[in-house]
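Thanks for making time. I will go through one structure this morning, starting with the overall picture and then moving to a few local points.

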Amino acid sequence: MADTSDLGSDAEGYESSSLSEGTNKVNMIREFKFYKDEGGWFVDLPGWEGTKADLAMVSGADTMLDIISQGENDIMALLSTEEFDGSNRLEFLRESPEMGEGSWYLMKTYIGIEYNLELWLCDVTKFVFGNFPKNIYVS
């Protein structure tokens with residue numbers, strides 16, 4: 001089992017031996033809690049030393065979570081840089097210096113339904129994956 005202590009107590013890693021190119025983070029399927037309150041959607045990342053505002057899911061990422069959550073206000077989601085059974089791909093589109101540190105991704109489909117949703121992921125993505133991966137798989 002890979003060390004996930006830097007991801008906090010709510011992040012659970014599943015065994016994998018591959019490394020993402022250009023990073024020292026071990027690629028594995030990790031489980032994260034996302035929750036919605038009066039301020040919007042946030043990721044619960046106990047190892048994060050920044051502010052709660054840094055963990056806000058905005059600019060399409062909130063819409064993706066509305067889709068995934070199916071009306072619930074909190075969900076557990078699996079994330080990986082490698083495809084896994086039942087996963088849906090977020091495809092890297094471009095970096096976005098105009099919005100600060102972050103990158104745009106495309107969710108073409110989710111569970112077979114076409115969305116073509118562009119979403120922005122902030123610099124916290126680099127905290128989780130070590131970089132902005134070419135693809136992020138979510139379930």
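The protein exposes about 7,500 Å² of surface, and carbon and sulfur atoms supply 46% of that area. Keep in mind throughout that this is a predicted model. Of the 139 residues in the protein, 45% are buried.

The secondary structure comes to two helices and nine strands. Read from the N terminus, the order of elements is β-β-β-β-α-β-β-β-β-α-β. Now the contacts between residues at least 6 apart in sequence: 56% of them join residues at least 24 apart.

Next, the interior. How many cavities of 30 Å³ or more does a search of the whole structure find? The search finds one. The space in this largest cavity is about 310 Å³. It is lined by 24 residues, and those closest to its centre are Phe 34, Met 57, Leu 79, Leu 121 and Thr 125.

Which elements supply at least two residues each to that lining? They are the strands β2 (29-37), β4 (56-57), β5 (74-80), β8 (113-122) and β9 (135-138), together with the helices α1 and α2, the latter at 124-129. The largest share, four residues, comes from α2. As for class, 22 of the lining residues are nonpolar, one is polar and one is charged.

Now helix α1, which covers residues 61-69. Its buried residues are Ala 61, Met 64, Leu 65, Ile 67, Ile 68 and Ser 69. As background, an α-helix has 3.6 residues a turn, so residues three or four places apart point the same way.

Asp 66 is also in helix α1. Is Asp 66 buried or partly exposed? With a relative accessibility of 36%, Asp 66 counts as partly exposed. Its side chain makes a polar contact with the side chain of Lys 36, at 3.1 Å. Those two residues are 30 apart along the chain, and their C-alpha atoms are separated by 9.2 Å. Setting aside neighbours within four places in sequence, Asp 66 is in contact with Lys 36, Trp 41 and Gly 71.

Two residues around this helix have backbone angles to point out. Ser 59 sits in the loop between β4 and α1. Its phi is near 50°, which is positive although the residue is not glycine. Ser 59 is partly exposed, with a relative accessible area of 31%. On the other side, just after α1, comes Gln 70, with a positive phi of about 50°. Gln 70 belongs to the loop between α1 and β5, and again this is a positive value in a residue other than glycine. Gln 70 is exposed, at 62% relative accessible area.

I turn now to two polar side chains that are buried. The cut-off for that word is under 20% relative accessible area. Asn 88 lies in strand β6, residues 88-95. Its relative accessible area is 9%, so Asn 88 counts as buried. What lies 2.9 Å from a polar atom of the Asn 88 side chain? The backbone nitrogen of Ile 111 does. Leaving out neighbours within four places in sequence, the contacts of Asn 88 are Thr 109, Tyr 110, Ile 111, Ile 136, Tyr 137, Val 138 and Ser 139.

The second case is Ser 80, in strand β5. Ser 80 is buried, with a relative accessible area of 1%. A polar atom of its side chain lies 3.0 Å from the backbone nitrogen of Glu 82.

The last item is a glycine. Gly 50 is in the loop between β3 (40-44) and β4. Its relative accessible area is 38%, so Gly 50 counts as partly exposed. How far apart are Gly 50 and Val 124 in sequence and in space? They are 74 residues apart in sequence, and 9.5 Å apart from C-alpha to C-alpha.

To recap: the search finds one cavity of 30 Å³ or more, and 22 of the residues in its lining are nonpolar. Asp 66 makes a side-chain polar contact with Lys 36. Asn 88 and Ser 80 are buried. Ser 59 and Gln 70 have positive phi values.

Conventions: Residues are numbered from 1 along each chain as its sequence is written. This is a predicted model: local features need pLDDT of at least 70, side-chain atom pairs count only at pLDDT 80 or more; totals for chains, interfaces and linings use all residues. Side-chain values use heavy atoms; hydrogens and water are left out. Buried means under 20% relative accessible area, exposed over 50%, partly exposed in between (1.4 Å probe, protein chains only). On a 1 Å grid over the protein atoms alone, a cavity is a set of points where a 1.4 Å probe fits but cannot get out, and a pocket is an open set with protein on both sides within 12 Å along at least five of seven lines; lining residues have an atom within 4 Å of a point. Grid points are joined across faces, edges and corners, and a volume is the space filled by probe spheres set on the points. Ala, Val, Leu, Ile, Met, Phe, Trp, Tyr, Cys and Pro count as nonpolar, Asp, Glu, Lys and Arg as charged, and the others, Gly among them, as polar. Contact means heavy atoms within 4.5 Å. Accessible areas come from the Shrake-Rupley method with a 1.4 Å probe; for residues, only the protein chains shown count as cover. A polar contact is a pair of N or O atoms within 3.5 Å; within protein, one must be able to donate a hydrogen and the other to accept it, and residues adjacent in sequence count only if both atoms are side-chain atoms.
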